[in-house]
Amino acid sequence: GNPRPWRPVRMAPLLWVLMGVMADGRAVAGGRMRCFRDKMGLMGRRNVGVKAREEWGVLEEFGVEFLKRSFQGSAKSQNIPAEYIQNLPLEYIQVAANLVRDSVFTSVQEPITPLLFATLLIVTRKTWFERQKSVKLQNMITSQGKLQPDFKPTRSKYTLYVPKAIQSVAIRAVPRTSDATVKVAYMKKKEPGIQDVQITVRHKRKMKTYQVRIKRGEACVLNAGVYCRPKRFELEEEGVYDRGEDAYFLASKILKTSTSAVTKKMKLDSIPEIDRSWPGVSESLEKVSAIGISDGVGGWRESGVDPGEFSRQLMYVAGEALILTPDDENPSPGLSPKDAMKFAQKTTVIPGTATASILSIDENTWMLNAANVGDSGFLVIRKGKVLVKSDSQLYEFNMPYQLGNLEIEPSANTANDAQLYNVQLQPDDLIILATDGLFDNVSIRRIQRMAEEFMSDGNKTPQQFAKELNDVAFIISRDEDAKTPFAKEVSKQVIPGWRRSLGKKLSGGKRDDITVVVAVVKGTML
(Lines give C-alpha, C1' and ligand atoms only; values in the text may rest on other atoms or scores of the structure.)
Protein backbone atom coordinates (compact mmCIF):
# COMPACT_ATOMS: atom_id res chain seq x y z
CA GLY A 1 0.00 0.00 0.00
CA ASN A 2 0.92 3.66 0.05
CA PRO A 3 3.56 4.66 2.60
CA ARG A 4 2.38 6.39 5.79
CA PRO A 5 2.65 10.22 5.66
CA TRP A 6 4.32 12.31 8.36
CA ARG A 7 2.57 12.99 11.61
CA PRO A 8 1.56 16.66 12.13
CA VAL A 9 3.59 18.27 14.93
CA ARG A 10 3.60 21.84 16.18
CA MET A 11 6.32 24.38 15.53
CA ALA A 12 7.76 24.40 19.07
CA PRO A 13 9.85 21.16 18.73
CA LEU A 14 11.39 22.43 15.48
CA LEU A 15 12.42 25.70 17.11
CA TRP A 16 14.03 23.86 20.03
CA VAL A 17 15.86 21.59 17.59
CA LEU A 18 17.24 24.43 15.48
CA MET A 19 18.20 26.54 18.50
CA GLY A 20 20.08 23.58 19.88
CA VAL A 21 21.93 23.02 16.61
CA MET A 22 22.93 26.70 16.53
CA ALA A 23 24.37 26.40 20.02
CA ASP A 24 26.54 23.28 19.72
CA GLY A 25 25.32 21.04 16.93
CA ARG A 26 23.05 19.18 19.32
CA ALA A 27 19.29 19.60 19.82
CA VAL A 28 16.80 18.56 22.42
CA ALA A 29 13.12 18.09 21.60
CA GLY A 30 11.01 17.14 24.59
CA GLY A 31 13.72 14.77 25.89
CA ARG A 32 13.06 12.27 23.10
CA MET A 33 15.95 13.22 20.84
CA ARG A 34 19.37 12.73 22.37
CA CYS A 35 21.26 13.97 19.41
CA PHE A 36 19.65 15.56 16.36
CA ARG A 37 22.40 14.54 13.95
CA ASP A 38 22.45 10.94 15.25
CA LYS A 39 18.71 10.52 15.07
CA MET A 40 18.34 12.05 11.63
CA GLY A 41 21.55 10.81 10.13
CA LEU A 42 22.17 14.24 8.66
CA MET A 43 25.80 14.40 9.73
CA GLY A 44 26.55 10.71 9.89
CA ARG A 45 26.74 8.08 7.19
CA ARG A 46 24.19 5.64 8.56
CA ASN A 47 20.74 5.41 7.03
CA VAL A 48 17.65 6.91 8.62
CA GLY A 49 15.89 4.26 10.70
CA VAL A 50 12.13 3.82 11.15
CA LYS A 51 12.10 5.58 14.53
CA ALA A 52 14.18 8.41 13.13
CA ARG A 53 11.73 8.74 10.27
CA GLU A 54 8.91 9.08 12.75
CA GLU A 55 10.81 11.70 14.72
CA TRP A 56 11.22 13.61 11.48
CA GLY A 57 7.62 14.68 12.01
CA VAL A 58 8.91 17.66 13.99
CA LEU A 59 9.33 19.35 10.63
CA GLU A 60 5.83 18.59 9.38
CA GLU A 61 3.82 21.74 10.09
CA PHE A 62 6.38 24.28 8.92
CA GLY A 63 9.35 22.36 7.64
CA VAL A 64 7.47 20.61 4.87
CA GLU A 65 6.82 23.93 3.15
CA PHE A 66 10.49 24.79 3.46
CA LEU A 67 11.49 21.40 2.08
CA LYS A 68 9.01 21.75 -0.75
CA ARG A 69 10.67 25.00 -1.80
CA SER A 70 14.17 23.57 -1.30
CA PHE A 71 13.94 20.38 -3.32
CA GLN A 72 11.28 21.27 -5.88
CA GLY A 73 13.75 20.72 -8.70
CA SER A 74 15.05 17.48 -7.23
CA ALA A 75 11.54 16.22 -6.68
CA LYS A 76 10.88 16.45 -10.39
CA SER A 77 14.05 14.54 -11.17
CA GLN A 78 13.02 11.86 -8.65
CA ASN A 79 9.55 11.64 -10.27
CA ILE A 80 7.80 12.50 -7.02
CA PRO A 81 4.03 12.87 -7.57
CA ALA A 82 2.56 16.32 -6.94
CA GLU A 83 0.29 15.06 -4.12
CA TYR A 84 3.34 13.82 -2.23
CA ILE A 85 4.83 17.30 -2.08
CA GLN A 86 2.45 18.25 0.74
CA ASN A 87 2.50 14.89 2.58
CA LEU A 88 5.93 13.45 1.89
CA PRO A 89 6.07 9.60 2.01
CA LEU A 90 8.79 7.82 3.95
CA GLU A 91 10.49 6.78 0.71
CA TYR A 92 11.52 10.36 0.09
CA ILE A 93 12.62 11.23 3.62
CA GLN A 94 16.23 10.48 2.72
CA VAL A 95 16.00 12.75 -0.34
CA ALA A 96 14.71 15.56 1.83
CA ALA A 97 17.33 14.88 4.49
CA ASN A 98 20.15 15.08 1.97
CA LEU A 99 18.85 18.33 0.54
CA VAL A 100 18.44 19.85 3.99
CA ARG A 101 21.97 18.75 4.79
CA ASP A 102 23.36 20.34 1.62
CA SER A 103 21.39 23.59 1.81
CA VAL A 104 21.16 24.26 5.54
CA PHE A 105 24.32 22.89 7.15
CA THR A 106 27.60 24.48 6.13
CA SER A 107 29.68 21.38 6.88
CA VAL A 108 29.77 18.20 9.01
CA GLN A 109 31.47 20.02 11.88
CA GLU A 110 29.78 23.45 11.82
CA PRO A 111 26.36 24.41 13.17
CA ILE A 112 23.69 26.34 11.22
CA THR A 113 24.76 29.91 10.53
CA PRO A 114 22.56 32.66 11.97
CA LEU A 115 21.82 33.95 8.46
CA LEU A 116 20.47 30.63 7.20
CA PHE A 117 18.60 30.08 10.44
CA ALA A 118 16.92 33.49 10.08
CA THR A 119 16.10 32.67 6.46
CA LEU A 120 14.45 29.43 7.52
CA LEU A 121 12.33 31.20 10.13
CA ILE A 122 11.29 33.94 7.69
CA VAL A 123 10.30 31.44 5.04
CA THR A 124 8.33 29.25 7.43
CA ARG A 125 6.70 32.23 9.14
CA LYS A 126 5.67 33.72 5.79
CA THR A 127 4.33 30.35 4.70
CA TRP A 128 2.32 30.06 7.92
CA PHE A 129 0.70 33.46 7.40
CA GLU A 130 -0.08 32.62 3.78
CA ARG A 131 -1.79 29.44 4.88
CA GLN A 132 -3.79 31.33 7.50
CA LYS A 133 -4.90 33.92 4.92
CA SER A 134 -6.02 31.19 2.54
CA VAL A 135 -8.98 30.35 4.79
CA LYS A 136 -10.13 33.95 5.29
CA LEU A 137 -12.75 35.76 3.29
CA GLN A 138 -11.79 38.69 1.14
CA ASN A 139 -15.26 40.23 1.31
CA MET A 140 -18.81 39.54 2.43
CA ILE A 141 -21.57 41.01 0.24
CA THR A 142 -25.21 41.16 1.29
CA SER A 143 -28.15 41.80 -1.01
CA GLN A 144 -30.08 43.75 1.63
CA GLY A 145 -29.56 45.38 4.99
CA LYS A 146 -26.65 46.80 6.96
CA LEU A 147 -23.76 44.59 8.15
CA GLN A 148 -22.38 45.59 11.53
CA PRO A 149 -19.57 45.90 12.36
CA ASP A 150 -17.93 46.57 9.01
CA PHE A 151 -16.41 43.47 7.42
CA LYS A 152 -12.81 42.55 8.24
CA PRO A 153 -11.21 39.21 7.26
CA THR A 154 -10.04 38.64 10.84
CA ARG A 155 -13.44 39.28 12.42
CA SER A 156 -15.69 36.23 12.60
CA LYS A 157 -18.99 37.43 14.14
CA TYR A 158 -21.42 39.90 12.54
CA THR A 159 -24.99 41.09 12.73
CA LEU A 160 -26.97 41.89 9.59
CA TYR A 161 -29.85 44.31 10.17
CA VAL A 162 -32.58 44.25 7.53
CA PRO A 163 -35.78 46.35 7.32
CA LYS A 164 -39.14 44.80 8.09
CA ALA A 165 -40.30 44.90 4.47
CA ILE A 166 -37.46 42.63 3.29
CA GLN A 167 -38.50 38.98 2.95
CA SER A 168 -35.22 37.38 1.86
CA VAL A 169 -31.50 38.13 2.05
CA ALA A 170 -28.65 36.64 0.04
CA ILE A 171 -25.10 36.53 1.43
CA ARG A 172 -22.18 36.17 -0.94
CA ALA A 173 -18.86 35.17 0.60
CA VAL A 174 -15.76 35.91 -1.49
CA PRO A 175 -12.68 33.82 -0.52
CA ARG A 176 -9.12 35.10 -0.75
CA THR A 177 -7.93 32.22 -2.92
CA SER A 178 -9.68 30.67 -5.89
CA ASP A 179 -9.03 27.10 -4.73
CA ALA A 180 -10.72 27.62 -1.36
CA THR A 181 -14.23 26.26 -0.89
CA VAL A 182 -16.99 28.28 0.78
CA LYS A 183 -20.19 26.89 2.25
CA VAL A 184 -23.03 29.14 3.42
CA ALA A 185 -25.43 27.31 5.76
CA TYR A 186 -28.66 28.81 7.15
CA MET A 187 -29.16 27.39 10.62
CA LYS A 188 -32.48 26.53 12.28
CA LYS A 189 -34.28 29.51 13.79
CA LYS A 190 -33.99 29.62 17.57
CA GLU A 191 -35.91 32.87 18.07
CA PRO A 192 -38.64 34.55 16.01
CA GLY A 193 -37.26 37.14 13.61
CA ILE A 194 -33.65 35.94 13.99
CA GLN A 195 -31.78 33.83 11.44
CA ASP A 196 -28.25 32.55 12.05
CA VAL A 197 -25.95 31.90 9.10
CA GLN A 198 -22.67 30.01 9.29
CA ILE A 199 -20.05 30.50 6.57
CA THR A 200 -17.28 27.89 6.39
CA VAL A 201 -14.10 28.43 4.39
CA ARG A 202 -11.88 25.42 3.66
CA HIS A 203 -8.47 25.35 2.04
CA LYS A 204 -6.59 22.04 2.09
CA ARG A 205 -6.52 21.05 5.76
CA LYS A 206 -7.32 24.52 7.13
CA MET A 207 -10.80 25.75 8.03
CA LYS A 208 -12.35 28.97 9.35
CA THR A 209 -15.94 29.82 10.17
CA TYR A 210 -17.82 33.14 10.13
CA GLN A 211 -21.12 33.67 11.90
CA VAL A 212 -23.79 36.15 10.77
CA ARG A 213 -26.97 36.82 12.73
CA ILE A 214 -29.76 38.32 10.62
CA LYS A 215 -32.13 40.54 12.60
CA ARG A 216 -34.86 43.00 11.80
CA GLY A 217 -33.13 46.36 11.87
CA GLU A 218 -33.47 49.98 10.96
CA ALA A 219 -33.86 51.44 7.50
CA CYS A 220 -31.81 54.48 6.50
CA VAL A 221 -33.75 57.76 6.26
CA LEU A 222 -32.97 61.46 6.30
CA ASN A 223 -34.39 64.14 8.55
CA ALA A 224 -34.13 67.15 6.24
CA GLY A 225 -34.75 70.86 6.21
CA VAL A 226 -34.33 73.49 3.49
CA TYR A 227 -34.06 77.26 3.30
CA CYS A 228 -34.26 79.10 -0.03
CA ARG A 229 -33.63 82.84 -0.42
CA PRO A 230 -33.60 84.82 -3.72
CA LYS A 231 -31.07 87.55 -4.47
CA ARG A 232 -33.79 89.96 -5.65
CA PHE A 233 -36.37 91.65 -3.43
CA GLU A 234 -39.31 92.38 -5.71
CA LEU A 235 -43.00 92.33 -4.93
CA GLU A 236 -44.81 90.64 -7.83
CA GLU A 237 -48.23 91.19 -6.25
CA GLU A 238 -49.51 91.82 -2.77
CA GLY A 239 -47.89 89.27 -0.43
CA VAL A 240 -46.16 87.44 -3.33
CA TYR A 241 -42.43 87.95 -3.83
CA ASP A 242 -40.04 87.00 -6.60
CA ARG A 243 -39.10 83.36 -5.96
CA GLY A 244 -35.69 83.66 -7.60
CA GLU A 245 -33.89 81.19 -9.83
CA ASP A 246 -33.25 78.39 -7.33
CA ALA A 247 -35.46 75.38 -6.68
CA TYR A 248 -35.46 72.28 -4.49
CA PHE A 249 -37.40 69.17 -3.49
CA LEU A 250 -37.64 66.84 -0.49
CA ALA A 251 -39.13 63.40 -1.20
CA SER A 252 -40.08 60.43 0.99
CA LYS A 253 -40.92 57.01 -0.41
CA ILE A 254 -42.00 55.86 3.05
CA LEU A 255 -44.52 58.70 3.44
CA LYS A 256 -45.23 58.71 -0.31
CA THR A 257 -44.93 62.48 -0.46
CA SER A 258 -42.76 65.09 -2.14
CA THR A 259 -42.54 68.81 -1.45
CA SER A 260 -40.86 71.37 -3.68
CA ALA A 261 -40.53 75.07 -4.40
CA VAL A 262 -43.44 74.89 -6.87
CA THR A 263 -46.03 74.71 -4.10
CA LYS A 264 -44.47 77.28 -1.77
CA LYS A 265 -44.60 81.09 -1.73
CA MET A 266 -41.89 83.39 -0.44
CA LYS A 267 -42.58 85.38 2.71
CA LEU A 268 -40.58 87.92 4.64
CA ASP A 269 -38.21 86.40 7.16
CA SER A 270 -35.77 88.14 9.48
CA ILE A 271 -31.98 88.00 9.31
CA PRO A 272 -31.01 88.61 12.95
CA GLU A 273 -27.38 89.62 12.48
CA ILE A 274 -28.24 92.56 10.24
CA ASP A 275 -31.68 93.24 11.74
CA ARG A 276 -33.37 92.99 8.40
CA SER A 277 -36.12 91.01 6.66
CA TRP A 278 -35.88 89.37 3.25
CA PRO A 279 -38.13 86.99 1.32
CA GLY A 280 -37.43 83.33 1.86
CA VAL A 281 -39.05 79.92 2.13
CA SER A 282 -38.34 77.22 4.68
CA GLU A 283 -39.51 73.59 4.87
CA SER A 284 -38.76 70.36 6.69
CA LEU A 285 -39.63 66.71 6.21
CA GLU A 286 -38.84 63.49 8.08
CA LYS A 287 -38.13 60.02 6.70
CA VAL A 288 -36.77 61.58 3.52
CA SER A 289 -35.35 59.28 0.86
CA ALA A 290 -34.26 61.84 -1.78
CA ILE A 291 -33.32 65.51 -1.97
CA GLY A 292 -32.46 67.82 -4.85
CA ILE A 293 -31.62 71.41 -5.79
CA SER A 294 -31.40 73.35 -9.04
CA ASP A 295 -30.14 76.81 -10.03
CA GLY A 296 -31.69 78.40 -13.11
CA VAL A 297 -29.37 80.29 -15.46
CA GLY A 298 -30.11 84.01 -15.09
CA GLY A 299 -29.19 84.88 -18.66
CA TRP A 300 -32.64 83.78 -19.82
CA ARG A 301 -34.13 86.96 -18.33
CA GLU A 302 -32.72 88.86 -21.32
CA SER A 303 -35.04 86.78 -23.53
CA GLY A 304 -38.03 87.49 -21.32
CA VAL A 305 -37.96 84.05 -19.70
CA ASP A 306 -38.16 83.49 -15.94
CA PRO A 307 -35.10 81.25 -15.20
CA GLY A 308 -36.76 79.94 -12.06
CA GLU A 309 -39.66 78.32 -13.92
CA PHE A 310 -37.44 75.72 -15.56
CA SER A 311 -35.54 74.85 -12.36
CA ARG A 312 -38.75 74.60 -10.29
CA GLN A 313 -40.47 72.28 -12.76
CA LEU A 314 -37.30 70.21 -13.11
CA MET A 315 -37.16 69.63 -9.35
CA TYR A 316 -40.88 69.00 -9.03
CA VAL A 317 -40.83 66.22 -11.64
CA ALA A 318 -37.63 64.66 -10.24
CA GLY A 319 -39.06 64.60 -6.71
CA GLU A 320 -42.30 62.97 -7.81
CA ALA A 321 -40.42 60.37 -9.87
CA LEU A 322 -38.21 59.34 -6.95
CA ILE A 323 -41.08 58.40 -4.64
CA LEU A 324 -42.49 55.90 -7.13
CA THR A 325 -41.79 52.18 -6.51
CA PRO A 326 -42.83 49.24 -8.70
CA ASP A 327 -44.22 47.24 -5.78
CA ASP A 328 -45.53 48.75 -2.57
CA GLU A 329 -45.33 45.39 -0.77
CA ASN A 330 -41.62 45.03 -1.49
CA PRO A 331 -40.12 48.50 -2.06
CA SER A 332 -37.12 48.63 -4.37
CA PRO A 333 -34.56 51.39 -4.75
CA GLY A 334 -36.65 52.76 -7.63
CA LEU A 335 -35.11 55.27 -10.02
CA SER A 336 -31.51 56.33 -9.59
CA PRO A 337 -30.72 60.07 -9.33
CA LYS A 338 -29.36 60.00 -12.87
CA ASP A 339 -32.51 58.34 -14.24
CA ALA A 340 -34.74 60.77 -12.35
CA MET A 341 -32.70 63.67 -13.74
CA LYS A 342 -33.02 62.25 -17.25
CA PHE A 343 -36.78 61.81 -16.89
CA ALA A 344 -37.26 65.33 -15.50
CA GLN A 345 -35.13 66.89 -18.24
CA LYS A 346 -37.14 65.19 -20.96
CA THR A 347 -40.54 66.10 -19.51
CA THR A 348 -39.74 69.74 -18.66
CA VAL A 349 -40.74 71.25 -21.99
CA ILE A 350 -40.30 74.97 -21.33
CA PRO A 351 -37.49 77.42 -22.18
CA GLY A 352 -34.60 77.63 -19.75
CA THR A 353 -31.55 75.82 -18.46
CA ALA A 354 -30.33 75.03 -14.96
CA THR A 355 -27.72 73.22 -12.91
CA ALA A 356 -28.97 70.28 -10.86
CA SER A 357 -27.84 68.06 -8.03
CA ILE A 358 -29.98 65.08 -6.94
CA LEU A 359 -29.27 62.68 -4.06
CA SER A 360 -31.14 59.54 -3.04
CA ILE A 361 -30.52 56.83 -0.46
CA ASP A 362 -31.07 53.10 -0.51
CA GLU A 363 -32.94 52.43 2.73
CA ASN A 364 -31.71 48.85 2.91
CA THR A 365 -27.99 49.21 2.19
CA TRP A 366 -27.52 52.75 3.60
CA MET A 367 -25.94 53.76 0.31
CA LEU A 368 -26.09 57.38 -0.88
CA ASN A 369 -26.31 57.79 -4.66
CA ALA A 370 -25.83 61.21 -6.23
CA ALA A 371 -25.82 62.82 -9.67
CA ASN A 372 -24.49 66.35 -10.14
CA VAL A 373 -24.48 68.66 -13.17
CA GLY A 374 -22.95 72.13 -12.89
CA ASP A 375 -21.65 74.11 -9.93
CA SER A 376 -24.22 73.22 -7.29
CA GLY A 377 -23.00 70.47 -5.00
CA PHE A 378 -23.00 68.66 -1.69
CA LEU A 379 -20.87 67.70 1.31
CA VAL A 380 -21.02 64.58 3.46
CA ILE A 381 -19.64 65.32 6.92
CA ARG A 382 -18.90 62.57 9.45
CA LYS A 383 -17.82 63.35 13.01
CA GLY A 384 -16.87 66.91 12.07
CA LYS A 385 -14.77 65.97 9.04
CA VAL A 386 -15.63 66.29 5.37
CA LEU A 387 -15.95 62.75 4.02
CA VAL A 388 -17.04 63.59 0.45
CA LYS A 389 -17.21 66.86 -1.50
CA SER A 390 -18.67 67.01 -4.99
CA ASP A 391 -16.77 68.74 -7.79
CA SER A 392 -18.04 71.59 -9.96
CA GLN A 393 -18.50 71.06 -13.68
CA LEU A 394 -17.47 74.20 -15.60
CA TYR A 395 -16.77 74.98 -19.24
CA GLU A 396 -14.76 77.93 -17.98
CA PHE A 397 -14.87 80.26 -15.01
CA ASN A 398 -18.46 80.94 -13.86
CA MET A 399 -19.90 79.04 -16.85
CA PRO A 400 -21.25 75.76 -15.46
CA TYR A 401 -22.75 72.74 -17.17
CA GLN A 402 -26.54 73.13 -17.39
CA LEU A 403 -29.52 70.95 -18.19
CA GLY A 404 -32.19 71.98 -20.68
CA ASN A 405 -34.80 70.46 -22.94
CA LEU A 406 -32.91 69.42 -26.06
CA GLU A 407 -35.83 70.25 -28.34
CA ILE A 408 -35.68 73.88 -27.18
CA GLU A 409 -31.97 74.18 -26.32
CA PRO A 410 -29.99 71.59 -28.39
CA SER A 411 -26.64 72.69 -26.91
CA ALA A 412 -27.69 71.93 -23.32
CA ASN A 413 -26.03 69.21 -21.28
CA THR A 414 -27.86 66.00 -20.45
CA ALA A 415 -28.08 63.70 -17.44
CA ASN A 416 -25.45 61.52 -19.12
CA ASP A 417 -22.94 64.30 -18.41
CA ALA A 418 -23.61 64.12 -14.67
CA GLN A 419 -20.91 63.22 -12.18
CA LEU A 420 -22.02 60.19 -10.15
CA TYR A 421 -21.20 59.48 -6.51
CA ASN A 422 -21.76 56.55 -4.16
CA VAL A 423 -21.20 56.98 -0.42
CA GLN A 424 -21.75 54.39 2.32
CA LEU A 425 -23.62 56.25 5.05
CA GLN A 426 -23.59 55.82 8.81
CA PRO A 427 -25.99 57.06 11.50
CA ASP A 428 -25.57 60.78 12.30
CA ASP A 429 -23.76 61.59 9.06
CA LEU A 430 -24.56 65.12 7.92
CA ILE A 431 -25.38 66.00 4.30
CA ILE A 432 -25.30 69.61 3.11
CA LEU A 433 -26.70 70.16 -0.39
CA ALA A 434 -26.55 73.72 -1.74
CA THR A 435 -26.42 75.93 -4.80
CA ASP A 436 -23.32 77.96 -5.60
CA GLY A 437 -24.76 80.86 -3.59
CA LEU A 438 -23.48 79.08 -0.46
CA PHE A 439 -20.17 77.69 -1.72
CA ASP A 440 -19.14 80.92 -3.50
CA ASN A 441 -19.51 82.94 -0.30
CA VAL A 442 -18.69 80.57 2.57
CA SER A 443 -15.52 78.51 2.74
CA ILE A 444 -15.64 74.76 3.26
CA ARG A 445 -13.66 75.15 6.46
CA ARG A 446 -16.24 77.50 7.95
CA ILE A 447 -19.11 75.24 6.88
CA GLN A 448 -17.29 72.36 8.53
CA ARG A 449 -16.90 74.28 11.81
CA MET A 450 -20.58 75.29 11.80
CA ALA A 451 -21.59 71.68 11.07
CA GLU A 452 -19.53 70.43 14.01
CA GLU A 453 -21.25 72.92 16.33
CA PHE A 454 -24.66 71.93 14.98
CA MET A 455 -24.10 68.21 15.56
CA SER A 456 -22.72 68.77 19.05
CA ASP A 457 -25.61 71.08 20.01
CA GLY A 458 -28.39 68.54 19.59
CA ASN A 459 -31.16 71.13 20.02
CA LYS A 460 -31.26 72.61 16.50
CA THR A 461 -33.23 71.03 13.71
CA PRO A 462 -31.89 70.56 10.15
CA GLN A 463 -34.31 73.28 9.06
CA GLN A 464 -32.84 75.75 11.58
CA PHE A 465 -29.28 74.91 10.57
CA ALA A 466 -30.15 75.33 6.89
CA LYS A 467 -31.40 78.86 7.65
CA GLU A 468 -28.28 79.57 9.73
CA LEU A 469 -26.02 78.65 6.82
CA ASN A 470 -28.20 80.65 4.45
CA ASP A 471 -28.06 83.72 6.72
CA VAL A 472 -24.26 83.58 6.90
CA ALA A 473 -23.95 83.27 3.11
CA PHE A 474 -26.46 86.11 2.56
CA ILE A 475 -24.61 88.48 4.92
CA ILE A 476 -21.25 87.72 3.26
CA SER A 477 -22.74 88.17 -0.21
CA ARG A 478 -23.57 91.78 0.75
CA ASP A 479 -20.11 92.48 2.20
CA GLU A 480 -17.91 94.28 -0.36
CA ASP A 481 -14.73 93.63 1.63
CA ALA A 482 -15.26 89.96 2.46
CA LYS A 483 -12.67 87.39 1.44
CA THR A 484 -14.73 84.75 -0.28
CA PRO A 485 -14.01 81.58 -2.29
CA PHE A 486 -15.48 83.31 -5.34
CA ALA A 487 -13.20 86.36 -4.98
CA LYS A 488 -10.22 84.07 -4.52
CA GLU A 489 -11.11 82.23 -7.72
CA VAL A 490 -11.57 85.51 -9.61
CA SER A 491 -8.03 86.56 -8.68
CA LYS A 492 -6.70 83.46 -10.45
CA GLN A 493 -8.41 84.31 -13.74
CA VAL A 494 -6.63 86.11 -16.56
CA ILE A 495 -9.77 86.81 -18.59
CA PRO A 496 -9.71 90.54 -19.35
CA GLY A 497 -13.48 90.74 -19.58
CA TRP A 498 -13.93 89.50 -16.01
CA ARG A 499 -11.37 91.95 -14.66
CA ARG A 500 -12.99 94.86 -16.46
CA SER A 501 -16.47 93.95 -15.24
CA LEU A 502 -15.38 93.33 -11.64
CA GLY A 503 -12.92 96.19 -11.37
CA LYS A 504 -9.46 96.23 -9.84
CA LYS A 505 -10.71 95.31 -6.39
CA LEU A 506 -11.15 91.56 -6.54
CA SER A 507 -12.85 90.99 -3.20
CA GLY A 508 -16.29 90.94 -1.64
CA GLY A 509 -19.21 88.56 -1.71
CA LYS A 510 -21.16 87.33 -4.71
CA ARG A 511 -24.84 88.26 -4.73
CA ASP A 512 -26.81 85.23 -5.79
CA ASP A 513 -29.82 83.12 -4.94
CA ILE A 514 -28.98 80.86 -2.00
CA THR A 515 -30.59 77.48 -1.33
CA VAL A 516 -29.37 75.13 1.40
CA VAL A 517 -30.68 71.65 2.22
CA VAL A 518 -29.46 70.02 5.45
CA ALA A 519 -30.12 66.32 6.07
CA VAL A 520 -29.14 64.17 9.05
CA VAL A 521 -28.84 60.41 8.51
CA LYS A 522 -31.02 58.39 10.87
CA GLY A 523 -32.37 54.88 11.19
CA THR A 524 -36.02 53.95 11.53
CA MET A 525 -38.04 50.76 11.81
CA LEU A 526 -40.24 50.28 8.75
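Which backbone nitrogen does the side chain of D242 reach, at 3.0 Å? I shall answer that shortly, after a word on the model.

The model is predicted: local features are reported at pLDDT of at least 70 and side-chain atom pairs at pLDDT 80 or more, while totals for chains, interfaces and linings use all residues. Residues are numbered from 1 along each chain as its sequence is written, and side-chain values use heavy atoms, with hydrogens and water left out.

To the question, then. The side chain of D242 reaches the backbone nitrogen of G244, at 3.0 Å. I call this kind of pair a polar contact: N or O atoms within 3.5 Å, where within protein one must be able to donate a hydrogen and the other to accept it, and where residues adjacent in sequence count only if both atoms are side-chain atoms. D242 itself lies in the loop between strand 10 (240-241) and strand 11 (246-252). Strands here are DSSP runs of E with at least two residues, helices are runs of H or I with at least four, and both are numbered from the N terminus. Is D242 buried or exposed? D242 is buried, because its relative accessible area is 4%; buried means under 20%, exposed over 50%, and partly exposed in between, with a 1.4 Å probe and protein chains only. Setting aside residues up to four places away in sequence, D242 touches P230, R232, E234, E236, M266 and R301, where contact means heavy atoms within 4.5 Å.

Let me turn to strand pairing, which requires that DSSP find at least two bridges between two strands. Strand 14 (residues 276-288) pairs with strand 8 (residues 219-229) in the antiparallel sense, over six bridges. Within that pairing, C228 has V281 of strand 14 as its bridge partner. Strand 14 also pairs with strand 13 (residues 267-271), again antiparallel, over five bridges. Here I271 stands opposite R276. Strands 13 and 14 form a hairpin with four residues between them, and in the turn D275 has a positive phi of about 50 degrees.

Strand 14 brings us to the aromatic residues, since W278 belongs to a cluster, linked by ring pairs, with F233, Y241 and F474. Rings of Phe, Tyr and Trp (its six-membered ring) pair if their centres lie within 6.5 Å; planes under 30 degrees apart count as stacked, over 60 as edge-to-face and the rest as tilted. Two arginines address this cluster. The charged end of R229 sits over the ring of F474, 5.0 Å from its centre, and that of R478 sits over the ring of W278, at 4.9 Å. The criterion is that NZ of Lys or CZ of Arg lies within 6 Å of the ring centre and within 35 degrees of the ring normal.

The structure holds nine aromatic pairs. One of them joins F151 and Y158, whose ring centres are 5.7 Å apart and whose planes meet at 25 degrees, so the pair is stacked. F151 is buried at a relative accessible area of 18%, and Y158 is buried at 3%. In another pair, F454 and F465, the centres are 4.5 Å apart and the planes at 5 degrees, so this pair is stacked as well. It links distant parts of the chain, with F454 in helix 12 (residues 444-457) and F465 in helix 13 (residues 462-477), eleven residues apart. Both F454 and F465 are buried.

Next, helix 9 (residues 307-322). What should its 16 residues span? At 1.5 Å a residue the expected value is 22 Å, and the end C-alpha atoms are 24 Å apart, which agrees; the expected span is 1.5 Å times one less than the number of residues. Twelve of the 16 residues are buried, among them F310, R312, L314 and M315. The buried residues pack against strand 11, strand 12 (257-260), strand 15 (290-296), helix 10 (337-347), strand 16 (353-362) and strand 22 (403-404). At the N-terminal end, D306 caps the helix, with a side-chain oxygen 3.0 Å from the backbone nitrogen of G308.

From strand 12, I would single out S258. S258 is buried, at a relative accessible area of 18%. Beyond four places in sequence, S258 touches L250, A251, G319, E320 and I323.

I close with N369, in strand 17 (residues 367-373). N369 counts as partly exposed, at 22% relative accessibility. N369 and N422 are 53 residues apart in sequence, yet 4.7 Å apart in space, C-alpha to C-alpha. Their side chains make a polar contact at 2.6 Å.
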